[in-house]
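Here's a quick tour of how two protein chains fit together. Have the picture open while you read, and look up each spot as it comes along.

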Amino acid sequence: MCEKEGFIPRFYIDSPNDKVDRCLQDMQKYTRTLVMEEMNLGNLIENAVKQIQVDKEKEALRDADAAGDDDAFETELFDEESNAFLNDEDFVQLKEYIDEGAQDDEEFLESLIDDEDML
Amino acid sequence: MALADLLELSNKQKKIGLSEERLKPIIPYLRQYVAFWREYPDLFIDFLQTGESGEIPEDGLHFYFYQRVFLRAAIRYKYVYMVFPRAYSKSFLSVLVLMIRCILYPRAKLFVTSGGKEQAAGIIKEKVDELCNLVPALDRELDHRPGKTRISKDYCIYMFKNGSYFDNIAARETSRGKRRHGGLVEECVGVDGTILSEVIIPTMNVARLCMDGTMQPEETLNKSQIFVTTAGWKGTFAYDKLIQFLVWMITEPEKALVLGGTWRIPVLMKLLDRSFLQDL
């Protein structure tokens, strides 16, 4: 009944409210210091990081599967922006390129005529 | 007993109806309470037990300090790994966490898994019975209508009146394709790592549908994993998982937590007999 009015946001704890909270905070800080300052955990952590990476990739794959191939196909089908092969910018760029080419040709032709005159 | 005493007694036991009209004006306050209890589950249980006197009954559930730490840790973080010895009340508290989550998050679907299906069912049944005896308010949240809460030898499902439920699922191929929002892996040291990562964890790839029709994937409940075990061996899947959570605890401190405890605490709290240890 409460949640029907809208999502209930998380209760924000900016600082420990009692000794239990303080204890949790202390344990987290202690573990962090322990791991960060311990020199011999390098290999262990490296392997764990690799494993996390592998797990994340797997999870992403699973999420994609869960979304469904049909959904992906439908999204792609109706995504007009990415489906448009050429847009206005492309035409402007092409026009500029052609104009530049024409200008270069003219300059080259003029230089050839000048050379012939010299001879 | 005088008539005045009798009248007072009857007044005390007078039932007050809980209609929608009565609840609607206090919904904004209830929302604040729910948000608060989602972070302070121990205080929620205290609240359920205190009556007009404001005191927890003698035969109620009185938490020890370390149990409060356990409860808050298990409910606030998405990924929790806990290694504790026998008699630490770890299964009891973990099942309590699931029940609290089911009550405070409507439509939540949670699971418990263990080495064997019967083992998980046994643990759940025993702990839920114990909890319902200690805190009758928890029992009143369960839906006991026919076809809802079902208990059998190797399978049990506890359904709540708000549409949430938790059950035990087997750490086997047959569990592939099921959908849950979070869960508890009991005695994870005895669970097959491949099955866990290929069958059990993928069951949690959907987010809870809130009562307002939205989905909040970042909600703590979604994909929440609680691993609880007694100490195991190095070089096993459970050990790798522990290290993985430990790294997360450092890199993403708001998401993961690893906790451990020694036999000294249950002995200190008289949950474990000193002579039992000496006989080992």
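**Salt bridges, sheet and interface**

Let's start inside chain B, where Lys24(B) and Glu20(B) form a salt bridge with their closest N and O atoms 3.8 Å apart. Keep in mind that this is a predicted model. Lys24(B) counts as exposed at 52% relative accessibility, while Glu20(B) counts as partly exposed at 47%.

**More salt bridges**

- Over all chains, the count comes to 15 salt bridges.
- Another one in chain B joins the side chains of Asp143(B) and Arg145(B), at 2.9 Å or less: the N to O distance is 2.8 Å.
- The two partners sit in unlike surroundings: Asp143(B) is buried, with a relative accessible area of 6%, whereas Arg145(B) counts as exposed at 51%.

**Bridges that cross between the chains**

- How many salt bridges are there between chain A and chain B? The count is four.
- In one pair, the side chains of Asp21(A) and Arg76(B) meet at 2.9 Å, N to O.
- This pair crosses from helix 1 of chain A to helix 5 (residues 65-76) of chain B.- Are the partners buried or exposed? Asp21(A) is buried, with a relative accessible area of 4%, and Arg76(B) is buried too, with 9%.
- Asp18(A) and Arg72(B) also meet through their side chains in a salt bridge, at 2.9 Å from N to O.
- A network of salt bridges links Arg10(A), Asp18(A), Asp21(A), Glu39(B), Asp42(B), Asp46(B), Arg68(B), Arg72(B) and Arg76(B).

**Where the chains touch**

- Chain A brings 37 residues to the contact and chain B brings 46.
- About 3800 Å² is buried between the two chains, and carbon and sulfur atoms give 65% of that area.
- Across this interface there are 12 residue pairs in polar contact.
- Which elements give two or more residues to the side of chain A that touches chain B? They are helix 1 (19-37) and helix 2 (42-67) of chain A.
- Helix 2 of chain A gives the most to that side, with 12 residues.
- The residues on that side of chain A divide into 19 nonpolar, five polar and 13 charged.
- Now find Arg31(B), which lies in helix 3 (residues 27-39) of chain B.
- Arg31(B) is buried, with a relative accessible area of 18%.
- Beyond its neighbours within four places in sequence, Arg31(B) is in contact with Cys2(A), Glu3(A), Glu5(A), Gly6(A), Phe7(A), Ile8(A) and Pro9(A).

**Chain A on its own**

- Chain A has five helices and zero strands, so to speak a run of α-α-α-α-α along the sequence.
- Of its 119 residues, 12% count as buried.

**The sheet in chain B**

- Eight strands of chain B form an open sheet with mixed pairing, in the order 3-4-5-2-6-7-1-8.
- Strand 3 (150-151) and strand 8 of chain B stand at the edges with a single partner strand each, so one side of each has no neighbour in the sheet.
- Strand 3 of chain B runs antiparallel to strand 4 (residues 156-159) of chain B, and two bridges join them.
- Here Arg150(B) has Ile157(B) as its bridge partner in strand 4 of chain B.
- Strand 1 (residues 79-83) of chain B is mostly covered, with four of its five residues buried.
- Strand 1 of chain B pairs in the parallel sense with strand 7 (residues 224-229) of chain B over five bridges, and Val83(B) has Thr229(B) as its bridge partner there.
- Strand 1 of chain B also pairs in the parallel sense with strand 8 (residues 256-260) of chain B, over five bridges; in strand 8, Leu257(B) is the bridge partner of Val80(B).

Conventions. Residues are numbered from 1 along each chain as its sequence is written. Chains are lettered from A and ligands numbered from 1 in the order in which they are written. This is a predicted model: local features need pLDDT of at least 70, side-chain atom pairs count only at pLDDT 80 or more; totals for chains, interfaces and linings use all residues. Side-chain values use heavy atoms; hydrogens and water are left out. Contact means heavy atoms within 4.5 Å. Buried area is the accessible area (1.4 Å probe) that two parts lose on being put together, summed over both. A polar contact is a pair of N or O atoms within 3.5 Å; within protein, one must be able to donate a hydrogen and the other to accept it, and residues adjacent in sequence count only if both atoms are side-chain atoms. Ala, Val, Leu, Ile, Met, Phe, Trp, Tyr, Cys and Pro count as nonpolar, Asp, Glu, Lys and Arg as charged, and the others, Gly among them, as polar. Buried means under 20% relative accessible area, exposed over 50%, partly exposed in between (1.4 Å probe, protein chains only). Two strands pair if DSSP finds at least two bridges between them.
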